[in-house]
Every structure is written in C-alpha cells, then in structure tokens.
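Dear colleague,

Please find below the structure that I agreed to pass on to you. My notes on it follow directly after.

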Amino acid sequence: MLVDVPEGKDPITYTWGELVPHIGPAAARFSAAVYAHTTLGLREFEAARLRIAQINGCVFCQDFRTERDGERVEDGFFAAVEQWRDAVGLTHRARLAAEYAERYALDHHGLDDEFWARMFAHYSQAEVVELSMCIGSWLAFGRLNRVLGLDTACSLPAPI
C-alpha cells in the first residue's frame, strides 16, 4: 500500500475520506450510486464491471460479485466475460457490455459507427449513458485503488 494509513484506521475510509475530504466523499457517493440506482440488468452490469476489473487488475473488484435481490451471476461468468468474444452463454447485451467496457478502457477512439449501430440495436440511449457512467466509475476508482495498493484492503465504499 502506497498510502501510510494510521494504525486502527480503515484504509479506504482514511484514503477516500480523511486524505481528500473535499473529493473522496463525493467519489464514494458516486461509486455507491452506481450500485444503488442502476437500471441495468445484473448480467450486463456485471459483464461491464468484471471486464473493467480484469483490465484494471483490481484484486477486490475481481473477487467481488454484485448481488441483487439475493441473486448473483453464476460461477464461470467471470471467465466468460474475460473471453467475451467467444464465450458461450453470454447474451447479446452482456457481450456488448463487456466489449464496450474493454473498448472504453483501452480504445475509446476506436468506437466507430459499426459498434454504435450494434450497441443501439440492444441498448437505449439512456442505458448507454448509464453504462458509460458506470464504466467510468469502475475504471477510475478501481484503478485508483489498484495503483495505490488499496485493492487488497478494499470494500465497496459507502457514502462518506
């Protein structure tokens, strides 16, 4: 961990809250809102989230599974998302969510008309904006936690 966390302090709460009190709490609220207020289905939400976790290398994010109403994606979903191009069992929407997440993170200049035509054949404009905000949150905050070495001490941040 690159941040010197005082003994007895939670690394995430300390780093996100005490070190940057004017930015961290707002970031934590945004991160929590992505989970609390999404309208996306669990499978496409998790496909995008897991693909960003894989790209970021965030240990916590890769191990975490979103739960909704007692349901989580099945075992093997993580591997399917990693191999989204050829994986069996992914819906069109989940496959597109994984592709979008990957391209958003690694090649956002390459998002062309062909991709957007496929995307809008399965997602509404509001869903694309929501998915973009979710991906942006995971990319920024998962990468922040990984880069600072907080990903092994991480928990999903509650609003601070």
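In this predicted model, L19, V20 and I23 form a nonpolar patch of about 260 Å² on the surface. V20 sits in the loop that runs between α1 (11-19) and α2 (24-36). With a relative accessibility of 36%, V20 is classed as partly exposed, because that class covers values between 20% and 50%.

The second point concerns helix α3, which spans residues 42-56. This helix contains 15 residues, and the distance from its first C-alpha to its last is 21 Å, close to the 21 Å expected at 1.5 Å a residue. Most of α3 is covered, with 13 of its 15 residues buried. Just after the helix, G57 adopts a positive phi of about 80°.

Within α3, I would draw your attention to R51. Is R51 buried or exposed? Its relative accessibility is 12%, and R51 therefore counts as buried, the cut-off being under 20%. Which residues does R51 touch, leaving aside those up to four places away in sequence? They are V81, E82, W84, A98, A101 and E102. In addition, the side chain of R51 makes a polar contact of 2.7 Å with the side chain of Q54. On the geometry of such pairs, an α-helix has 3.6 residues a turn, so residues three or four places apart point the same way.

To summarise the two sites, V20 is partly exposed and belongs to the nonpolar surface patch, whereas R51 is buried in the model.

With kind regards

Technical notes. Residues are numbered from 1 along each chain as its sequence is written. This is a predicted model: local features need pLDDT of at least 70, side-chain atom pairs count only at pLDDT 80 or more; totals for chains, interfaces and linings use all residues. Side-chain values use heavy atoms; hydrogens and water are left out. Patches are made of residues with over 30% relative accessible area and no salt bridge: like charges are joined within 9 Å, nonpolar side chains (Val, Leu, Ile, Met, Phe, Trp, Tyr) within 5 Å. Accessible areas come from the Shrake-Rupley method with a 1.4 Å probe; for residues, only the protein chains shown count as cover. A salt bridge is a side-chain nitrogen of Lys or Arg within 4 Å of a carboxyl oxygen of Asp or Glu. Helices (H or I, at least four residues) and strands (E, at least two) are DSSP runs, numbered from the N terminus. Buried means under 20% relative accessible area, exposed over 50%, partly exposed in between (1.4 Å probe, protein chains only). A polar contact is a pair of N or O atoms within 3.5 Å; within protein, one must be able to donate a hydrogen and the other to accept it, and residues adjacent in sequence count only if both atoms are side-chain atoms. Contact means heavy atoms within 4.5 Å. The expected span of a helix is 1.5 Å times one less than its number of residues.
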